[in-house]
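Here is my note on the model you sent, set out as numbered points so that each can be checked against the coordinates. Please read it with the structure open beside you.

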Amino acid sequence: MANNILVALDGSDGGRRALDVAIEHAKLTSSDLVLTYIIDWSPYSFHTPEELEERHQRRESEIERANDSILNPVATEAKESGLNIETVVRHGKIAETLDQVADEFNVSQIYLGRLGESRMRSMIFGSVTAALIQSASVPVTVVP
């Protein structure tokens, strides 16, 4: 059984609560944490060579900003708990990419915070949480 726990972070209070619960679980089970931020990204669009180069540069900049503003601050704090921490930033469809990262890092559980979207918004735009619960290959814990 894997001893890795993935925590999906998005900079929200819900993500922070999910991290706090995951830290306690990791301490109890001697697990390592994989803190993950996914940048919603679709590869399916037409671009000129110049646009592709600009897109690549923007992508690298987004990864750096995500690390600096979201993952690194909480990773530093989580390390104070004595846990082993890995951080991962990826581009892709959020639910699908989270499941891929979970598989790549052989995690046994995924934690994420609930954003509290309205029922109407979820019906129109869909829900990352619902999609992940439906498609994940490991248990998903949604922290309110």
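The points below take up a helix pair, the salt bridges and two loop residues.

1. Before anything else, please keep in mind that this is a predicted model, and that the values quoted in this note are computed from it.

2. The first topic is helix packing. Two packed helices are described by the angle between their axes and the distance between the axes. Here helix H3, which covers residues 94-104, packs against helix H5, which covers residues 128-135, at an angle of about 45 degrees and with the two axes 8 Å apart. That angle makes H3 oblique to H5, and the crossing of the two helices is right-handed.

3. Which residues of H3 and H5 meet at this contact? On the H3 side they are Ile94, Ala95, Leu98 and Asp99, and on the H5 side they are Val128, Ala131, Leu132 and Ser135. Sorted by class, the contact of H3 with H5 comprises six nonpolar residues, one polar residue and one charged residue.

4. The next topic is charge pairing. Side chains of opposite charge can pair when their charged atoms come close. In this model the count comes to four salt bridges, and the points that follow describe several of the residues involved.

5. Glu77 forms a salt bridge with Arg16, and the closest N and O atoms of this pair are 2.5 Å apart. The pair links distant parts of the chain, since Glu77 belongs to helix H2 (residues 49-79) and Arg16 to helix H1, with their positions 61 residues apart in the numbering. Glu77 is partly exposed, at a relative accessible area of 40%, and Arg16 also counts as partly exposed, at 26% relative accessibility. It is worth viewing this pair together with Asp20, because Arg16, Asp20 and Glu77 are linked in a network of salt bridges.

6. Within helix H1 there is a local pair, in which Lys27 forms a salt bridge with Glu24 and the closest N and O atoms are 3.6 Å apart. Both residues lie in H1, three residues apart, which is about one turn of the helix. Lys27 is partly exposed, with a relative accessible area of 42%, and Glu24 counts as partly exposed at 44% relative accessibility.

7. Helix H3 appears again in the salt bridge between Glu104 and Arg90, whose closest N and O atoms are 2.9 Å apart. Glu104 lies in H3 and Arg90 in strand E3 (residues 85-92), so this pair ties together parts that are 14 residues apart in sequence. Glu104 counts as partly exposed at 47% relative accessibility, and Arg90 counts as partly exposed at 27%.

8. Finally, two loop residues deserve a look at their backbone angles. Ser30 has a phi near 55 degrees, a positive value in a residue other than glycine, and is found in the loop between helix H1 (13-29) and strand E2 (32-40). Is Ser30 buried or exposed? At 58% relative accessibility, Ser30 counts as exposed, because the cut-off for that class is over 50%.

9. Asn106 likewise has a positive phi, near 50 degrees, in a residue other than glycine. Asn106 is found in the loop between H3 and strand E4 (109-113).

Terms used: Residues are numbered from 1 along each chain as its sequence is written. This is a predicted model: local features need pLDDT of at least 70, side-chain atom pairs count only at pLDDT 80 or more; totals for chains, interfaces and linings use all residues. Side-chain values use heavy atoms; hydrogens and water are left out. Axes are lines fitted to C-alpha atoms, for helices over the stretch in contact, and angles run from 0 to 180 degrees between N-to-C directions. Helices (H or I, at least four residues) and strands (E, at least two) are DSSP runs, numbered from the N terminus. Angles under 35 degrees count as roughly parallel, over 145 as roughly antiparallel, 65 to 115 as roughly perpendicular and the rest as oblique. A crossing is left-handed if the near helix is turned anticlockwise from the far one by less than a right angle, and right-handed if clockwise. Contact means heavy atoms within 4.5 Å. Ala, Val, Leu, Ile, Met, Phe, Trp, Tyr, Cys and Pro count as nonpolar, Asp, Glu, Lys and Arg as charged, and the others, Gly among them, as polar. Buried means under 20% relative accessible area, exposed over 50%, partly exposed in between (1.4 Å probe, protein chains only). A salt bridge is a side-chain nitrogen of Lys or Arg within 4 Å of a carboxyl oxygen of Asp or Glu.
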